[in-house]
Amino acid sequence: ATVSQAVASGAPYELEHRAPRLDGSTGWMLSRAVPLRDESGAVVEWFGTGTDVTERRAAEERLRASEERYRTLFASIDEGFCVVEALFDGDEPVDYRFLEANPAFQRQSGLEHPVGKTARELAPGHEDIWIRTYGRVATSGEPERFVGAAPSVGGRWFDVFAFRVGDPAARQVAILFTDVTARRAAEDALRAVADRAAYLVALGDVLRPLADPVAVQ
C-alpha cells in the first residue's frame, strides 16, 4: 500500500515506502499515523511520525542476499553438511541433535530425515568417539579435521571437518563430511598388494642363494 492509499482508508497505518531523503537521494521511510476526527467522525488531520530506515533496509537486503547464497551453496554441494547441537550431561558430552542437514547428507551418511533427531536415535550404538569429538569442538571452539570409522553407520568411513558456529553457549557445531569408504577400501587393497609384493621380494632374496649352485659352493 502507498501513503495515499493508507490515508484514503481513514484508518491508522504503519508502512514503509520510498521517499526523498535530505541529501536528495531516494530512500525508505517508515511512516506511522493516526487520523484525528471531528465530532461528525470526519478526518480533519493526521498525526504521525516518519523515520528514515534506508540503512536498515540496506542491511536487511545484504543479509537476505547472504542467506540466499548460503542456501544455494548448502543445497548444491556434493559433500554432506549439517549443523548439530552438542548435548551434555554436566560437562560430559552424551549425544548431539541435528538442527540442519543438506540434501547430500543422506547420500553421504545413509541416514534419513535427521533434523530434530539425535545421533543415538538415528544410529543406536553410535560410537562415543564421535560424540566426544563434537562435544570438544563445541566447548573449545577449535576446529578439527579427521578421518574416522563409524561401524554404527554401516561401517562407513568419513573424511570430516567440524567447526563451532554461532554463540558458544549454544554449543552448535557445523560438520562438512564425505563418505570415503570406497576410497579407504581401495587404499587398503593397494596396501595389501604392496605388502604382498614386498614379502615376495624379501622371500626371493632369502631363497635365491639356496637355488644358485655357485652360491652354495
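This report walks through the fold, two of the helices, the core, the cavity and a few single residues of the protein above.

## What the model is

This is a predicted model, in which local features need pLDDT of at least 70 and side-chain atom pairs count only at pLDDT 80 or more, while totals for chains, interfaces and linings use all residues. Residues are numbered from 1 along each chain as its sequence is written, and side-chain values use heavy atoms, with hydrogens and water left out.

The protein has seven helices and eight strands. Here helices (H or I, at least four residues) and strands (E, at least two) are DSSP runs, numbered from the N terminus. Of its 217 residues, 28% are buried; buried means under 20% relative accessible area, exposed over 50%, and partly exposed in between, with a 1.4 Å probe and protein chains only. Now for contacts, meaning heavy atoms within 4.5 Å. Among those with a separation of 6 or more, 41% link residues 24 or more positions apart.

## Helix α2

Helix α2 covers residues 54–76, and its 23 residues should span 33 Å at 1.5 Å a residue, in agreement with the 33 Å between its end C-alpha atoms. That expected span is 1.5 Å times one less than the number of residues. The buried residues of α2 are Thr 54, Arg 57 and Phe 74, and they pack against β1 (13–20), β2 (26–37), β3 (43–52), β4 and β5.

Glu 55 also sits in α2, but it counts as exposed because its relative accessibility is 54%. In sequence, Glu 55 is 27 residues from Trp 28, yet the two are 8.4 Å apart in space, C-alpha to C-alpha.

## Helix α5

Helix α5 takes in residues 128–140; at 1.5 Å a residue its 13 residues should span 18 Å, and the end C-alpha atoms are indeed 18 Å apart. Its buried residues are Trp 130, Ile 131, Thr 133, Tyr 134, Gly 135, Val 137 and Ala 138. A reminder on helices in general: an α-helix has 3.6 residues a turn, so residues three or four places apart point the same way.

What covers the buried residues of α5? The cover includes β4 (80–89), β5 (92–101), α4 (119–122), β6 (144–150), β7 (156–165) and β8 (172–179). Straight after α5 comes Gly 141, with a positive phi near 80°.

Over in strand β6 there is Glu 144. Leaving out residues up to four places away in sequence, Glu 144 touches Thr 133, Arg 136, Val 137, Val 160, Phe 161 and Ala 162. Its C-alpha atom is 9.8 Å from that of Ile 175, which is 31 residues away along the chain.

## The nonpolar cores

A nonpolar core here is a set of buried Ala, Val, Leu, Ile, Met, Phe, Trp, Tyr and Cys residues joined through side-chain atoms within 4.5 Å. The largest one has 24 residues, and Tyr 96, Phe 98, Tyr 134, Val 173 and Ile 175 touch the most other members. Two or more residues of this core come from each of β4, β5, α4, α5, β7 and β8, with α5 giving the most, at five residues.

Tyr 134 is worth a look: setting aside neighbours within four places in sequence, it is in contact with Ala 86, Tyr 96, Phe 146, Val 160, Ala 162, Val 173 and Ile 175. There is also a second, separate core of five residues, including Phe 74, Ile 77, Phe 81 and Val 83.

## The cavity

How many cavities of 30 Å³ or more does the structure hold? There is one. A cavity is a set of points on a 1 Å grid over the protein atoms alone where a 1.4 Å probe fits but cannot get out, and lining residues have an atom within 4 Å of a point. Grid points are joined across faces, edges and corners, and the volume is the space filled by probe spheres set on the points. By that reckoning, the largest cavity has about 200 Å³ of space.

Its lining runs to 17 residues, and Tyr 96, Phe 98, Leu 111, Tyr 134 and Phe 158 lie nearest the centre. At least two lining residues come from each of β5, α3 (104–109), α5, β7 and β8. The lining divides into 15 nonpolar, two polar and no charged residues. In this count Ala, Val, Leu, Ile, Met, Phe, Trp, Tyr, Cys and Pro are nonpolar, Asp, Glu, Lys and Arg are charged, and the others, Gly among them, are polar.

## Two positive phi values in loops

His 113 is not a glycine, but its phi is positive, about 50°. His 113 lies in the loop between α3 and α4 and counts as exposed, at 60% relative accessibility.

Arg 171, also not a glycine, has a positive phi of about 55°. Arg 171 belongs to the loop between β7 and β8 and is partly exposed, with a relative accessible area of 27%.

Methods:
On a 1 Å grid over the protein atoms alone, a cavity is a set of points where a 1.4 Å probe fits but cannot get out, and a pocket is an open set with protein on both sides within 12 Å along at least five of seven lines; lining residues have an atom within 4 Å of a point.
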